[in-house]
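Open the model in your viewer and keep the selection tool at hand. The stops below say what to select and what is there.

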Number of protein chains: 2
Amino acid sequence: MVSQTTIKQLQRIVGRDQCFFNIEERLTHASDASSFRELPKAVIRPQNTAQVAEILRVCHRNRIPVVFRGSGTGYTGGAVPPQGGFVIDMGCLNRILEIDTHLRIGIVEPMVINAEFQAEAKKYNLFYPPDPASLKSASLGGNVAENSGGPRCVKYGVTRDYVRGLEFVTMEGSIVQTGCLADHFDDITDLTALLISSEGTLGGITKLALSLAPLPKHTALILGLFGSMAQAAAVIADMVQTGVTPSAMEFMDAATLQAVSTYSGRHFSEDVQAVVLFEVDGVTEAETYVQYEKVVEVCQKQQAIGIQIADTFAEKERLWEIRRNISPALRTISPKKINEDVTVPRSKIPVLVGRIVEIARKYQVKIVTFGHAGDGNIHVNIMTDEIKTQEFQRAQKAVDAVFNATIEESGVLSGEHGIGLAKKKWIPLQLSKENQTWQKRLKKAFDPGDLMNPGKIF
Amino acid sequence: MVSQTTIKQLQRIVGRDQCFFNIEERLTHASDASSFRELPKAVIRPQNTAQVAEILRVCHRNRIPVVFRGSGTGYTGGAVPPQGGFVIDMGCLNRILEIDTHLRIGIVEPMVINAEFQAEAKKYNLFYPPDPASLKSASLGGNVAENSGGPRCVKYGVTRDYVRGLEFVTMEGSIVQTGCLADHFDDITDLTALLISSEGTLGGITKLALSLAPLPKHTALILGLFGSMAQAAAVIADMVQTGVTPSAMEFMDAATLQAVSTYSGRHFSEDVQAVVLFEVDGVTEAETYVQYEKVVEVCQKQQAIGIQIADTFAEKERLWEIRRNISPALRTISPKKINEDVTVPRSKIPVLVGRIVEIARKYQVKIVTFGHAGDGNIHVNIMTDEIKTQEFQRAQKAVDAVFNATIEESGVLSGEHGIGLAKKKWIPLQLSKENQTWQKRLKKAFDPGDLMNPGKIF
């Protein structure tokens, strides 16, 4: 139970109508896109940074653990409340404060939705590249907390590369501003970088200064169809060697194509065992054309069965649809999909994909693989059903095997989903004891009482 | 004095011939490229990471402060020994361990010289872009500790953007590995980022994994001559708006041109009050040509007095020489140059340059200004002579005024030289109390006894 004094203090800070203790609000804030669940004691909705600081001071004094919540689209339980704790719902901090076209920078509050920010930037001929699949619902604050990626990151880099500064509030209620509006500001210990991908365990982000790139004016989309995954992997490797970096390079295996085909009615001939979707872009048409030619050349060299090219907006949409249909298509195959986003060095993609086929065979489970080839981020989907107890157990063993294989191939547990609660137990596979020790020391320096999103990551 | 027990322990670790207590070695390790100076008690030269860890354990037990030393090319006293402390000279950790062309990564020890690494990468058709002016003597470890920039950073980013992982040793002697060889690895608190630009205050870097870019095969160099600094600044602003990013965009004011002219005999007509040197590059010729055309168009739009174009290697060298001659040319003007590398948002360059002209007038000192326009990093050189006491005092007041103007124009104290000892006193201008508090907490978490490069930054 929350004490009456605490309730009064919180109501004084944010107003009666922004403190929720009823079961409905608590239930809707109990989980994220993962299957973890914990009922918070309260949901508090601050209106501004000063209120966030005041709320944290009250919680700090009363040793109440907290979690910051954006859109709740995370896959690893990052926004699931700590036991006996509060959810600080950032929903009201949702304004785009400024777009500065000279500095190519956007100042935003954390609950601005990724796609909305992209759309706003576009009005100024600017471009915010990080594009996680959840971009229409995920918040920029959440993107930063998890360091989200997306198809375009192969060329443009991940969220981390776009954060020029931020404002965060510590558990003790200090408001700290980092970075600055200058283009080159790094000469001291980098608190900005520290907050990125720390999954809400060090501070609550209340403002972001995000870099914007020039808007590419021309794009071309090329779909390469291949007779084997090995050829698709070879094309990706060859592409990297040319020095031309596509703005997207997405691969899909035969199982993925089959699912998409069943779902959308778009058929591929039987000899197509893998496809790679390339996008190239540029500020000028000439620059784009040069890259497009290179992609076609590389596909031909690896004996592509077919090369489909989209020039018009409608044709491009038709090709992107194949990629976008994957998620809904997979949902029709089986009730439960265990979705992991492991990452290996690009050159190891063919090896890991091969090992995943073996793992599927060994544990008799269906595994669908697709991903961002550019940065080695592979989405491994183990299709199963929790009701079928034995199959579900085999699926969980398969997850273990996939993580082990990933680490053996010099990879990491997560490309962009984070660790949260979901991947905690595999952390020792990835990080040395020393690395863990110093990360924990850092956490302790920021939050000695372990009240800010406790129990996550470690 | 160093105790006999400590001497014996150190000699056992690195061998008798790698421990130096004689005055000659201590004197040559007393300073860097700044004017700060402090005689170390000893100079120790480890051969590998394990020895670094053992040395630190001995120093930690005996509360002996230490500083890590690379090439000693820093301008802010970062490598100047702490009082009563030891210099750990990293000179022997100088091997390029691996260049992986598939992963586009180089694994190096910290004392590999920047230019040597660039040359090695080139053999594999790869490119390490960060290019501080000191690249022929500065170490990669030092570049990372200070987060060095350079002309190419406008297009390619600074050192920070190229560090994929590192190994460091804490004051207690823990060896910590961070990052990994995967292309997208960031989902946990980022110890890599923490070490970058921390100026040797958190850990000693013993290994680096650095990203490499595809080697641009074509470049073009364009020198725009302008009748006023305002026009030069306008060209820079226009260039940014086009979305085409040159691989270098260096500006020089009239005072700089005059110095270069006297030094090298290369004359500019009197109406030339500022020049901008543009380099564009690309993997293909077509891509490079498109950018080249855009630069010329933008220069013409701003009524350039002249546009000089270099196509051949020899012509390019001739143009780059103008830029490279600045430093030696300035040395001939006056015995002492106070060299500061402030940074402002690109759009504020004309304002700050104007204010610097005012400051020079007010304090009756000669100030020469040039810099990397792309990232707003302006090198402000106050030409003076320590023997002329009154002028030198005015020069120091001018430095103060430049820093104040920089902060007022939303800038920062340093682009790439770091804070070290030289800029400590201006830190409160730039960082809020809260930011300083949390940076100090971080330092305390890593080095509670304040033994690792103490007294720097704060």
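Start in chain A, in the segment after helix H16 (433-446), and select Ile457(A). Bear in mind throughout that this is a predicted model. The phi angle of Ile457(A) is near 65°, a positive value in a residue that is not glycine. Is Ile457(A) buried or exposed? Its relative accessible area is 3%, and since buried means under 20%, Ile457(A) is buried.

Next, select Arg63(A), which sits in the loop between H3 and strand E3 (66-69) of chain A. Here too phi is positive in a residue other than glycine, with a value near 55°. The surroundings are another matter to check: Arg63(A) has 58% relative accessibility, and the cut-off for exposed is over 50%, so Arg63(A) counts as exposed.

Now show two helices of chain A together: H1 (residues 4-14) and H3 (residues 49-61). Two packed helices are described by the angle between their axes and the distance between those axes. For H1(A) and H3(A), the angle is about 170° and the axes are 9 Å apart. Angles over 145 degrees count as roughly antiparallel, and H1(A) and H3(A) are therefore roughly antiparallel to each other.

Which residues of H1(A) and H3(A) meet? On the H1(A) side, select Thr6(A), Gln9(A), Leu10(A), Arg12(A), Ile13(A) and Val14(A). On the H3(A) side, add Gln51(A), Glu54(A), Ile55(A), Val58(A) and Arg61(A).

Stay in chain A and go to helix H2 (residues 23-28), where Leu27(A) lies. With a relative accessibility of 41%, Leu27(A) counts as partly exposed. Add Ile23(A) and Leu39(A) to the selection: together with Leu27(A) they form a nonpolar patch on the surface. The accessible area of these three residues together is about 230 Å².

For the last stop, switch to chain B and find Val52(B) in helix H3 (residues 49-61). Relative accessibility is 0% for Val52(B), which therefore counts as buried. What is Val52(B) in contact with, leaving aside neighbours within four places in sequence? Select Pro46(B), Phe68(B), Met90(B), Val169(B) and Thr206(B) to see these contacts.

To finish, draw a distance from the C-alpha atom of Val52(B) to that of Gly282(B). The two residues are 230 places apart along the chain, and their C-alpha atoms are separated by 42 Å.

Key: Residues numbered from 1 in each chain as written. Chains lettered and ligands numbered in written order. Predicted model: local features only at pLDDT ≥ 70, side-chain atom pairs only at ≥ 80, totals over all residues. Heavy atoms only, no water. Patch = residues over 30% accessible without salt bridge, like charges linked within 9 Å, V, L, I, M, F, W, Y side chains within 5 Å. Areas by Shrake-Rupley, 256 points an atom, 1.4 Å probe, with all protein chains shown as cover. Salt bridge = Lys/Arg side-chain N within 4 Å of Asp/Glu carboxyl O. Helix = DSSP H or I, 4+ residues; strand = E, 2+ residues; numbered from the N terminus. Buried < 20%, exposed > 50% of the residue type's maximum accessible area, 1.4 Å probe, protein only. Contact = heavy atoms within 4.5 Å. Axes fitted to C-alpha atoms, helices over the stretch in contact; angles between N-to-C directions. Parallel < 35°, antiparallel > 145°, perpendicular 65-115°, else oblique.
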